[in-house]
Amino acid sequence: MTAERLRWGILATGGIAAAFTADLIDLPDAEVVAVASRTEASAKAFAERFGIERAYGDWASLAEDADIDVVYVATPHSAHREAAGLCLEAGRNVLCEKAFTLNAPEAEELVALARGRGSFLMEAMWMYCNPLVRRLKELVDDGAIGEVRSVQADFGLAGPFPAAHRLRDPEQGGGSLLDLGVYPVSFAQLLLGEPTDVAARAVLSEEGVDLQTGALLGFGGGAIASVHCSIVGGTATSASVTGSGGRIDVPHGFFFPDRFVLHRDGRDPEEFAAAPADGPRNSLKHEAREVMRALRAGETESPLVPLDGTLAVMRTLDAIRDRIGVRYPREAVTPA
């Protein structure tokens, strides 16, 4: 690891890998030095697109490249355990996309592997690194709306997605919950911690994945969170946090907001807007900066996206899947 630039490897060549790489290239203290895919042709095309020096047609070659400081794993979540585990076993630090794995036992294996080797590992929950989301959490933690009573959040895409699409494919961990529902669940747990009770209903596809899911999460102290996700209807992607002394509304795009409104009882509403210096709403640079800050500080976990929090979210997703009856054929470890 150099003081000037951190050297990144990109594992996978899909849309999110391209978006993250484009943002990395804009960071003066980051350098993308290698990319890997299951095919050499895909890796080479990606490397040519972004001016990356090395392209590997297999994951192991990237994992074993000692010139890499940290690997960004951007495969479908069905392959996260295999891909991230391969990199950790080779001594690489890892930023892994969400949902972190297919289930909590797989996530526990990755966390144990990273902690056992003293390697850095973080879920790419970019929402937690977003400056405006961090400000919202600060306000809640400081008691701006009193004691939190309820959280509501939704994320739905209109579709329709054909049966062959990865969002409908059980082999790739398809369905709305792990791909989209991870956001409202993570938002609720950012503010309330891990739920003590989970109830859920879903509409399943012919393939056995959830087309839409609604869950009600209960927390100690009496707080409740209502979360919804869908791949058959476009939702507002809004969120609301209600407390004993007020409310915070995020009107659109709660996981990468441009503004939110604080309503305190007996006072005029206050609007908080994203700072122009923070860049576009969809910027992935904040999580990249957090990874590099942590690595330079010698940290093996990020305080913004702690591994215990990631494990707690995975346990909730498992509980929801248990209630709605969704299981994936590629799960290396079956949830309890």
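Visitor: Before we get into it, what counts as a pocket here, and what's a lining residue?
Guide: A pocket is an open set of grid points with protein on both sides within 12 Å along at least five of seven lines, and lining residues have an atom within 4 Å of a point. Keep in mind that this is a predicted model.

Visitor: Cool. How many residues line the largest pocket, and which lie nearest its centre?
Guide: There are 29 in the lining, with Gly15, Ile16, Lys98, Arg166 and Asp179 nearest the centre.

Visitor: And how much space is in there?
Guide: About 760 Å³ for the largest pocket.

Visitor: Which helix gives the largest share of that lining?
Guide: That's α1, with 4 residues. Helix α1 covers 15–25, and α8, at 176–192, also supplies at least two residues of the lining.

Visitor: What's the make-up by class?
Guide: The lining of the largest pocket has 14 nonpolar residues, 9 polar and 6 charged.

Visitor: OK, switching over. How much space lies in the second largest pocket?
Guide: About 280 Å³. Its lining has 14 residues, and Tyr128, Lys137, Leu190, Leu304 and Pro306 are the closest to the centre.

Visitor: Which elements give two or more residues to that one?
Guide: For the second largest pocket they are α7 (131–141), α8 and α10 (307–324). Of these, α7 gives the most, with 4 residues.

Visitor: So which helix turns up in both linings?
Guide: Helix α8 does: it supplies at least two residues to the largest pocket and two or more to the second largest.

Visitor: Last one: how do the residues of the second lining divide by class?
Guide: Into 7 nonpolar, 3 polar and 4 charged.

Methods. Residues numbered from 1 in each chain as written. Predicted model: local features only at pLDDT ≥ 70, side-chain atom pairs only at ≥ 80, totals over all residues. Heavy atoms only, no water. 1 Å grid on protein atoms, 1.4 Å probe; cavity = no way out; pocket = protein on both sides within 12 Å on 5 of 7 lines; lining within 4 Å. Points joined across faces, edges and corners; volume = space filled by probe spheres on them. Nonpolar A, V, L, I, M, F, W, Y, C, P; charged D, E, K, R; others polar.
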